[in-house]
Amino acid sequence: MNSLTKIFFALLLGVSIIHAAAFEKDAKFRTTTAHITAQKPLTTGANTLVVELKKGSKAIENAKVTLKAFMPAMPGMPAMSTKVDAKNLGGGKYKATLNLSMSGTWQLHIFITPKTGKKSRIKTTLNF
């Protein structure tokens, strides 16, 4: 019985560690891809995201990147939105802190304005 209890608690610990893993998501529009990560799971309040952008296999560098997260209005609740310009970290990586005021499904739009070339937008969702 004692070893069965140890196995149960080891499995419970393993599941807990998996649920506490960092956030990671990929999104794509045509040939533009975004790899979105956070060092900790998304929560209500401030969430720092790092977005790695590529066009094909080439990093999108020195672009103006804006993240807009919003939740449409629902019965008894107004629409919510937050928009922030991302900081260029180099190598096609951009960092932004979004303030998500409640848990649920948020729409995320990533607006990319390169120094040269065409503007683009990647749409995805954030669930927590």
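Rings of Phe, Tyr and Trp (its six-membered ring) pair if their centres lie within 6.5 Å, with planes under 30 degrees apart counted as stacked, over 60 as edge-to-face and the rest as tilted. By that definition, a search of the whole structure returns 0 aromatic pairs. This is a predicted model in which local features need pLDDT of at least 70 and side-chain atom pairs count only at pLDDT 80 or more, while totals for chains, interfaces and linings use all residues. Residues are numbered from 1 along each chain as its sequence is written, and side-chain values use heavy atoms, with hydrogens and water left out.

Charges do sit over rings, a term that requires NZ of Lys or CZ of Arg within 6 Å of the ring centre and within 35 degrees of the ring normal.

| Charge | Ring | Distance from ring centre |
|---|---|---|
| K68 | F70 | 5.3 Å |
| K83 | F111 | 5.9 Å |

Strands (E, at least two residues) are DSSP runs numbered from the N terminus, and two of them pair if DSSP finds at least two bridges between them. An open sheet of 4 strands follows the order 6-5-9-10 with antiparallel pairing; strand 6 (80-85) and strand 10 (120-127) are its edges, each pairing on one side only. Within this sheet, strand 5 (residues 64-71) and strand 9 (residues 105-113) are joined antiparallel over 7 bridges, and L67 has I110 of strand 9 as its bridge partner.

Strand 1 (residues 23-29) and strand 2 (residues 32-38) also run antiparallel, joined by 7 bridges, with K28 opposite T33 in strand 2. These two strands form a hairpin with 2 residues between them, and R30 in the turn has a positive phi of about 50 degrees.
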